[in-house]
Amino acid sequence: MLFNTIFETLKTYSNEQKAKEMSRYMKNNFLFLGVQSPIRKKITKPFLATLKKDNAIAWEQLIEQCWQNPYRELQYFALDYLGLKKEFLTLADIPKLKDLALRKSWWDSIDQLDRIIGGIALRFPELNHTLLVWSVDDNFWLRRIAIDHQLLRKEKTNTDLLEKIIVNNLGQTEFFINKAIGWSLRDYSKTNPEWVRDFIKRHESKMTKLSVREACKYI
(Lines give C-alpha, C1' and ligand atoms only; values in the text may rest on other atoms or scores of the structure.)
Protein backbone atom coordinates (compact mmCIF):
# COMPACT_ATOMS: atom_id res chain seq x y z
CA MET A 1 0.00 0.00 0.00
CA LEU A 2 2.82 2.43 0.86
CA PHE A 3 4.48 1.90 -2.51
CA ASN A 4 1.25 2.73 -4.32
CA THR A 5 0.83 5.90 -2.26
CA ILE A 6 4.40 6.98 -3.01
CA PHE A 7 3.96 6.27 -6.72
CA GLU A 8 0.66 8.11 -6.96
CA THR A 9 2.12 11.08 -5.07
CA LEU A 10 5.07 11.31 -7.43
CA LYS A 11 2.77 11.09 -10.43
CA THR A 12 0.88 14.18 -9.29
CA TYR A 13 4.12 16.15 -9.74
CA SER A 14 4.92 14.73 -13.19
CA ASN A 15 6.12 17.11 -15.87
CA GLU A 16 6.13 15.90 -19.47
CA GLN A 17 8.75 18.36 -20.69
CA LYS A 18 11.08 17.66 -17.78
CA ALA A 19 10.52 13.93 -18.28
CA LYS A 20 11.78 14.17 -21.87
CA GLU A 21 14.80 16.20 -20.79
CA MET A 22 15.68 13.82 -17.96
CA SER A 23 15.32 10.79 -20.19
CA ARG A 24 17.49 12.39 -22.86
CA TYR A 25 20.16 13.18 -20.24
CA MET A 26 20.22 9.46 -19.39
CA LYS A 27 20.65 8.55 -23.08
CA ASN A 28 16.97 7.54 -23.22
CA ASN A 29 17.69 4.41 -21.21
CA PHE A 30 14.79 5.08 -18.83
CA LEU A 31 11.35 6.61 -18.62
CA PHE A 32 10.89 9.53 -16.23
CA LEU A 33 7.91 11.16 -14.62
CA GLY A 34 9.77 14.46 -14.82
CA VAL A 35 10.09 14.99 -11.06
CA GLN A 36 13.48 16.59 -10.46
CA SER A 37 15.60 15.51 -7.51
CA PRO A 38 15.00 18.50 -5.17
CA ILE A 39 11.23 18.17 -5.63
CA ARG A 40 11.32 14.38 -5.32
CA LYS A 41 13.28 14.55 -2.10
CA LYS A 42 10.96 17.17 -0.64
CA ILE A 43 7.74 15.30 -1.37
CA THR A 44 9.09 11.89 -0.32
CA LYS A 45 10.65 13.16 2.91
CA PRO A 46 7.51 12.35 4.99
CA PHE A 47 7.45 8.81 3.61
CA LEU A 48 11.10 8.28 4.52
CA ALA A 49 10.46 9.70 7.98
CA THR A 50 7.76 7.08 8.49
CA LEU A 51 9.93 4.28 7.12
CA LYS A 52 12.84 5.29 9.33
CA LYS A 53 10.91 4.16 12.39
CA ASP A 54 11.05 0.53 11.27
CA ASN A 55 14.45 -1.19 11.58
CA ALA A 56 13.47 -3.88 9.08
CA ILE A 57 14.27 -3.36 5.40
CA ALA A 58 11.27 -3.65 3.09
CA TRP A 59 12.94 -5.51 0.23
CA GLU A 60 9.87 -7.12 -1.33
CA GLN A 61 7.21 -4.63 -0.22
CA LEU A 62 9.06 -1.52 -1.38
CA ILE A 63 12.52 -1.84 -2.98
CA GLU A 64 11.58 -4.59 -5.42
CA GLN A 65 8.42 -2.78 -6.47
CA CYS A 66 10.41 0.41 -7.03
CA TRP A 67 12.92 -1.47 -9.16
CA GLN A 68 10.21 -3.09 -11.25
CA ASN A 69 8.51 0.23 -11.90
CA PRO A 70 9.27 1.71 -15.35
CA TYR A 71 9.89 5.23 -14.02
CA ARG A 72 13.41 6.06 -12.89
CA GLU A 73 12.28 8.26 -9.99
CA LEU A 74 11.07 5.13 -8.20
CA GLN A 75 14.55 3.60 -8.38
CA TYR A 76 15.91 6.86 -7.00
CA PHE A 77 13.47 6.64 -4.11
CA ALA A 78 14.55 3.05 -3.41
CA LEU A 79 18.16 4.21 -3.27
CA ASP A 80 17.24 7.08 -0.94
CA TYR A 81 15.50 4.52 1.25
CA LEU A 82 18.53 2.20 1.24
CA GLY A 83 20.74 5.14 2.19
CA LEU A 84 18.40 5.80 5.10
CA LYS A 85 18.70 2.17 6.18
CA LYS A 86 22.43 1.81 5.59
CA GLU A 87 23.28 1.09 9.24
CA PHE A 88 20.96 -1.93 9.18
CA LEU A 89 22.40 -3.46 6.00
CA THR A 90 24.62 -6.51 6.48
CA LEU A 91 26.48 -9.10 4.43
CA ALA A 92 23.18 -10.94 4.00
CA ASP A 93 21.92 -8.04 1.88
CA ILE A 94 24.80 -8.13 -0.60
CA PRO A 95 23.14 -10.61 -3.02
CA LYS A 96 20.07 -8.36 -3.20
CA LEU A 97 22.19 -5.26 -3.73
CA LYS A 98 24.15 -7.05 -6.44
CA ASP A 99 20.88 -7.96 -8.11
CA LEU A 100 19.83 -4.29 -8.12
CA ALA A 101 23.19 -3.34 -9.62
CA LEU A 102 22.74 -5.81 -12.45
CA ARG A 103 19.22 -4.60 -13.29
CA LYS A 104 18.46 -1.25 -14.92
CA SER A 105 22.15 -0.44 -14.61
CA TRP A 106 23.44 3.03 -15.32
CA TRP A 107 25.87 5.38 -13.63
CA ASP A 108 23.16 7.13 -11.61
CA SER A 109 22.13 3.98 -9.73
CA ILE A 110 25.60 2.42 -9.62
CA ASP A 111 27.16 5.52 -8.08
CA GLN A 112 24.75 5.34 -5.18
CA LEU A 113 25.02 1.59 -4.77
CA ASP A 114 28.82 1.80 -4.54
CA ARG A 115 28.55 4.05 -1.46
CA ILE A 116 25.92 1.80 0.11
CA ILE A 117 27.96 -1.35 -0.52
CA GLY A 118 31.12 0.44 0.54
CA GLY A 119 29.50 1.26 3.86
CA ILE A 120 28.77 -2.43 4.44
CA ALA A 121 32.35 -3.35 3.53
CA LEU A 122 33.72 -0.85 6.04
CA ARG A 123 31.72 -2.51 8.82
CA PHE A 124 32.26 -6.04 7.51
CA PRO A 125 35.80 -6.29 6.07
CA GLU A 126 35.17 -9.87 4.99
CA LEU A 127 33.28 -8.34 2.06
CA ASN A 128 36.61 -7.16 0.63
CA HIS A 129 37.20 -10.55 -0.98
CA THR A 130 33.87 -10.34 -2.79
CA LEU A 131 34.69 -6.85 -4.06
CA LEU A 132 38.03 -8.11 -5.32
CA VAL A 133 36.14 -10.82 -7.23
CA TRP A 134 33.76 -8.19 -8.60
CA SER A 135 36.78 -6.22 -9.83
CA VAL A 136 37.36 -8.85 -12.52
CA ASP A 137 33.73 -9.62 -13.29
CA ASP A 138 32.51 -9.57 -16.90
CA ASN A 139 29.94 -6.95 -15.90
CA PHE A 140 31.69 -3.58 -15.89
CA TRP A 141 29.11 -2.05 -13.55
CA LEU A 142 30.16 -4.48 -10.82
CA ARG A 143 33.76 -3.56 -11.56
CA ARG A 144 32.87 0.12 -11.21
CA ILE A 145 31.32 -0.54 -7.79
CA ALA A 146 34.49 -2.35 -6.73
CA ILE A 147 36.71 0.52 -7.92
CA ASP A 148 34.70 3.31 -6.28
CA HIS A 149 33.30 1.64 -3.17
CA GLN A 150 35.91 3.34 -0.95
CA LEU A 151 35.09 6.90 -2.02
CA LEU A 152 35.10 9.40 0.88
CA ARG A 153 36.78 6.96 3.29
CA LYS A 154 39.83 9.22 3.65
CA GLU A 155 42.26 7.72 6.19
CA LYS A 156 40.14 4.57 6.46
CA THR A 157 40.93 3.67 2.84
CA ASN A 158 42.37 0.19 2.38
CA THR A 159 45.13 1.11 -0.05
CA ASP A 160 46.22 -2.49 -0.69
CA LEU A 161 42.69 -3.35 -1.79
CA LEU A 162 42.35 -0.13 -3.78
CA GLU A 163 45.54 -0.83 -5.71
CA LYS A 164 44.66 -4.45 -6.45
CA ILE A 165 41.21 -3.50 -7.73
CA ILE A 166 42.49 -0.67 -9.92
CA VAL A 167 45.33 -2.76 -11.34
CA ASN A 168 42.78 -5.41 -12.25
CA ASN A 169 41.06 -2.80 -14.40
CA LEU A 170 43.97 -1.10 -16.14
CA GLY A 171 44.14 -1.32 -19.92
CA GLN A 172 40.38 -1.06 -20.34
CA THR A 173 38.55 0.78 -23.12
CA GLU A 174 35.31 1.19 -21.16
CA PHE A 175 34.73 4.86 -20.35
CA PHE A 176 32.87 4.18 -17.10
CA ILE A 177 35.77 2.07 -15.81
CA ASN A 178 38.50 4.53 -16.73
CA LYS A 179 36.49 7.40 -15.24
CA ALA A 180 35.96 5.41 -12.03
CA ILE A 181 39.70 4.75 -11.72
CA GLY A 182 40.40 8.46 -11.99
CA TRP A 183 37.70 9.33 -9.48
CA SER A 184 38.88 6.84 -6.87
CA LEU A 185 42.46 8.10 -7.11
CA ARG A 186 41.39 11.77 -7.19
CA ASP A 187 39.27 11.30 -4.07
CA TYR A 188 42.07 9.59 -2.15
CA SER A 189 44.60 12.20 -3.31
CA LYS A 190 42.86 14.67 -0.98
CA THR A 191 43.96 12.48 1.94
CA ASN A 192 47.24 11.01 0.72
CA PRO A 193 48.59 12.74 -2.40
CA GLU A 194 51.98 11.03 -2.09
CA TRP A 195 50.40 7.58 -2.34
CA VAL A 196 48.46 8.60 -5.44
CA ARG A 197 51.55 10.15 -7.08
CA ASP A 198 53.47 6.96 -6.41
CA PHE A 199 50.65 4.83 -7.82
CA ILE A 200 50.56 6.88 -11.02
CA LYS A 201 54.35 6.76 -11.34
CA ARG A 202 54.30 2.96 -11.15
CA HIS A 203 51.26 2.35 -13.37
CA GLU A 204 50.95 5.34 -15.71
CA SER A 205 52.05 3.34 -18.77
CA LYS A 206 48.91 1.22 -18.44
CA MET A 207 46.54 4.02 -17.45
CA THR A 208 44.41 5.95 -19.91
CA LYS A 209 44.80 9.71 -20.25
CA LEU A 210 41.29 10.09 -18.82
CA SER A 211 42.21 8.20 -15.64
CA VAL A 212 45.45 10.12 -15.19
CA ARG A 213 43.79 13.48 -15.81
CA GLU A 214 41.07 12.78 -13.26
CA ALA A 215 43.53 11.38 -10.72
CA CYS A 216 45.83 14.41 -10.96
CA LYS A 217 43.14 17.06 -10.59
CA TYR A 218 44.18 18.03 -7.05
CA ILE A 219 47.87 17.06 -7.03
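**View 1. Helix 7 in the lining of the second largest pocket.** In this predicted model, helix 7 contributes three residues to the second largest pocket, the most that its lining receives from any element. Helix 2 (16-25) joins in too, as helix 2 and helix 7 each provide at least two lining residues.

**View 2. The full lining of the second largest pocket.** Take a tour of the residues here: Met22, Tyr25, Met26, Phe32, Ser37, Tyr76, Trp107, Asp108 and Gln112 line the second largest pocket. Sorted by class, this lining holds six nonpolar, two polar and one charged residues. The space within the second largest pocket comes to about 200 Å³.

**View 3. The largest pocket and the residues nearest its centre.** Here we turn to the largest pocket, with a volume of about 420 Å³. Its lining is made up of 21 residues. If you would like a place to start looking, Lys86, Arg115, Gly118, Gly119 and Leu122 are the lining residues nearest the centre of the largest pocket.

**View 4. Helices 5 and 7 beside the largest pocket.** Two elements give two or more residues to the lining of the largest pocket: helix 5 (72-84) and helix 7 (107-123). Helix 7 has the largest share, with eight residues.

**View 5. Residue classes around the largest pocket.** For anyone thinking about chemical character, the lining of the largest pocket divides into eight nonpolar, five polar and eight charged residues. Arg115 and Leu122 are among the residues to look for in this close-up, as both belong to the group nearest the pocket centre.

Conventions
Residues are numbered from 1 along each chain as its sequence is written. This is a predicted model: local features need pLDDT of at least 70, side-chain atom pairs count only at pLDDT 80 or more; totals for chains, interfaces and linings use all residues. Side-chain values use heavy atoms; hydrogens and water are left out. On a 1 Å grid over the protein atoms alone, a cavity is a set of points where a 1.4 Å probe fits but cannot get out, and a pocket is an open set with protein on both sides within 12 Å along at least five of seven lines; lining residues have an atom within 4 Å of a point. Grid points are joined across faces, edges and corners, and a volume is the space filled by probe spheres set on the points. Helices (H or I, at least four residues) and strands (E, at least two) are DSSP runs, numbered from the N terminus. Ala, Val, Leu, Ile, Met, Phe, Trp, Tyr, Cys and Pro count as nonpolar, Asp, Glu, Lys and Arg as charged, and the others, Gly among them, as polar.
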